[in-house]
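This report concerns internal cavities, aromatic contacts and cysteines. Please examine the structure shown here before reading on.

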Amino acid sequence: MYEFPDTRNSLIARVQELGDGVSWSEFLAIYQPVVFRMARRRGFQEADALDVVQQVFFSVSRSIGNWQAGDDMPPFRAWLSTIARNAITQVLMRRKPDVATGSSDVSEMLLEWPDRATTTAELEREARAGVFRWVANQVREEFSPDTWAAFWRTAVDGIPIVEVAQALGRSTGSIYVARYRVLARLKERAEEMSQQWDLSSPELES
Amino acid sequence: MKTCCLALSNETLQRLAANDLAPDELRDIEHHVDHCLDCRALLDRQMDADSLDNEIIVSLATTIESIPSVATDELLDLGPSTASLLRLLGPTDDPNMLGRIGSYEVAAIVGRGGMGVVFKAFDRSLHRFVAIKMLLPHLAESAAARKRFAREAKAAAAVVDDHVMPIHGVAEWNGMPYIVSPYCRGVTLEKRIRDQGALSVEEVLRIGMQTALGLAAAHAQGLVHRDVKPANILLDEGVERVQLTDFGLARTTDDIGMTRTGLLAGTPQFMSPEQTRGEALDARSDLFALGTVLYTMSVGQPPFRGPNPLAVMQKIANDRAPTVQALNPNIPPALSRLIERLMEKRPNQRIQSASEAAEQLRELLASRQRGGLPAGRPRSVLRTWHVATMSAVCFIAAMGFYVPWKLAATPTPQPNAAVANSPTTNEVEPVSATSATTSWNAGWGVERLDLDEVWGRVQALERRSDPDMSTNDDTFRRAIDQLRRAIEQVDRRFDQWSQ
């Protein structure tokens, strides 16, 4: 009932060549930071990390046309997730940061270049985190700014409840309740979305 | 401080999590937790009840610094920003609330799109949650759209039926029209199908029948829904009741969708052929959509799909969808046929009224519940025979190659002489006919395929991705097409003949 006639699907008209507009935009919001993070962690400078991001998403966008709804095809999000993870692993395994030779730090780093299994596990973890951050952005607007702040400051920033209550001018009880409500909603959505993106298993591949 | 207690029962926790408590109940609980150490400890324990809690918190705590210059930002714009929506609301005193619309306290934004936004709000006078659907300000600028929205909503409010979502009221807030309806925690049929895939035959029949009843009630008032689709069919939580929502609203969005962007707004997957052509619509357009919804429930996805809205619309106008029975053998042929009759391209060939459709669905449901209506029986022995013959003939003629599956096993000179004399029939294995077919065949001394099996195989052929038999091959595609038309022709002739 909460879908306005038209609603989200109108986006398809704008990005129709990509297959499914809504999922694609969600996809970028979730996976771009994942790739960027992993590239930075591997020693890429910011500009080069962005370059890696671009390379991955260019490669993914070329495959988009291969998807067609059908009995033997996974749902769009799940399919896209698989394509992306393959592309990310491939790019990250192949590309190494351009570095000046001679620095022992650098050669040490290259020797310890993460292998495929490590990269895959890291990617699963990061992609799940990406989904959770995306979900948080969505869920945030279901609550009043006060309620959200109560959750964030206590649960994420780790500030004691009493202090947060004072800062927000609310009762301690209301902070307890707010924290619980927000987290419960986050969990509900996180489970749903990680499943849709085919990232539901917390067990990491090794 | 005192200790207690069972104030936070599991049920209360669940309702808290579901954001389902009235503002005063919420305040009572906050007040209680303020003074109750047990309940605080209980809520503390909920914080790391499982590993997911921890994973989420860690993810949020390590939120990345924003990425510079992402070129695709505009793609992320999914309608109006939260801030702009919150500015639409009046101020409220309740810190748990987002704001106010008229006398309603807005608790959350629960849906949004290019056309409007849906708020969850609390009605203080009646002490209940409601859903408020509001047309967005930039669209409400158009007086025509605003009036249409209000008019359609009022017309829809006049429909009182168990299977139509009631409308409490239609009003305006700062010049923006909005609709108030009950807030339900049910899921839409769309979500159900997305989560579970195809539904059971009983569910298809039950949901289909109730949807048809809702349509019948609206049609009786002269109202055409225009946007019957799984997202507009609400399944009440726990209760086996189905409600149709959003009557007539599609018309407002039609107006705006076309004028604003010059592009099609919305998903066309559940449109009728006449709708894709922009023709005038009557109740029978909704019946086509009902057929499409039944289809989607039966096989887990809509019949017409494509990479973009235009491609989907072309398919709706021109293509015949594979029968549901061909895709899901669990579907009884009678239901498959009913769906085909609802999805006839020409309105006057469809089942003509929603009440008739409801009646037929009711009968199928009753017979199903009595243990009847098995899956996969041939439609009629008579047609079975002729189609088998015809399709074998034209298949062999059209394809000109060995047919790698069962055809008639013990051919006799008549009446299907063409099959019998064809060289291919000598090489194939016997068909396992149903008993009905066998006994009828005995009179003619022949055995053959039944229509549904042939049809199913044609569909399967069309969809196969085997490069050797790919549908990308033009010759092959044409041959399949010929075969399909031949079958349809025979099917029609024998329908006429047997009446």
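What volume does the second largest cavity have? The second largest cavity has a volume of about 150 Å³. The model under discussion is a predicted one.

## Cavities

Five cavities of 30 Å³ or more are found in the structure. Around the second largest cavity there are 15 lining residues. Those nearest its centre are B:Arg320, B:Ala321, B:Pro322, B:Glu340 and B:Met343.

Helix 15 (residues 333–342) of chain B supplies three residues, the largest share of the lining of this second largest cavity. Sorted by class, the lining has eight nonpolar, five charged and two polar residues.

## Aromatic pairs in chain A

Over all chains, a search of the whole structure yields eight aromatic pairs. One of these joins A:Tyr31 and A:Trp197: the ring centres are 6.2 Å apart and the planes stand at 70 degrees, so the pair is edge-to-face, the cut-off for this class being over 60 degrees. A:Tyr31 belongs to helix 2 (residues 21–41) of chain A, whereas A:Trp197 lies in the segment after helix 9 (172–196) of chain A; the pair therefore ties together parts that are 166 residues apart in sequence. Both A:Tyr31 and A:Trp197 are buried.

Another pair is formed by A:Trp148 and A:Phe151, with ring centres 5.4 Å apart and planes at 55 degrees, so this pair is tilted. A:Trp148 and A:Phe151 are three residues apart in helix 7 (residues 145–156) of chain A, which means that about one helical turn separates them. A:Trp148 and A:Phe151 are likewise buried.

Which residues do ring pairs link into a cluster with A:Tyr31? The cluster consists of A:Phe27, A:Tyr31 and A:Trp197.

## A charge over a ring in chain B

An aromatic ring in chain B has a charged partner. The charged end of B:Lys120 sits over the ring of B:Phe129, at 4.4 Å from the ring centre.

## Cysteines

How many disulfides does the structure hold over all chains? The count is zero. In general terms, a disulfide is a covalent bond between the sulfur atoms of two cysteines.

Are B:Cys36 and B:Cys39 buried or exposed? B:Cys36 has a relative accessible area of 1% and is therefore buried. For B:Cys39 the relative accessible area is 2%, so B:Cys39 is buried as well. Each assignment rests on the cut-off for burial, which is under 20% relative accessible area.

Key
Residues are numbered from 1 along each chain as its sequence is written. Chains are lettered from A and ligands numbered from 1 in the order in which they are written. This is a predicted model: local features need pLDDT of at least 70, side-chain atom pairs count only at pLDDT 80 or more; totals for chains, interfaces and linings use all residues. Side-chain values use heavy atoms; hydrogens and water are left out. On a 1 Å grid over the protein atoms alone, a cavity is a set of points where a 1.4 Å probe fits but cannot get out, and a pocket is an open set with protein on both sides within 12 Å along at least five of seven lines; lining residues have an atom within 4 Å of a point. Grid points are joined across faces, edges and corners, and a volume is the space filled by probe spheres set on the points. Helices (H or I, at least four residues) and strands (E, at least two) are DSSP runs, numbered from the N terminus. Ala, Val, Leu, Ile, Met, Phe, Trp, Tyr, Cys and Pro count as nonpolar, Asp, Glu, Lys and Arg as charged, and the others, Gly among them, as polar. Rings of Phe, Tyr and Trp (its six-membered ring) pair if their centres lie within 6.5 Å; planes under 30 degrees apart count as stacked, over 60 as edge-to-face and the rest as tilted. Buried means under 20% relative accessible area, exposed over 50%, partly exposed in between (1.4 Å probe, protein chains only). A charge sits over a ring if NZ of Lys or CZ of Arg is within 6 Å of the ring centre and within 35 degrees of the ring normal. A disulfide is a pair of cysteine sulfur atoms within 2.5 Å.
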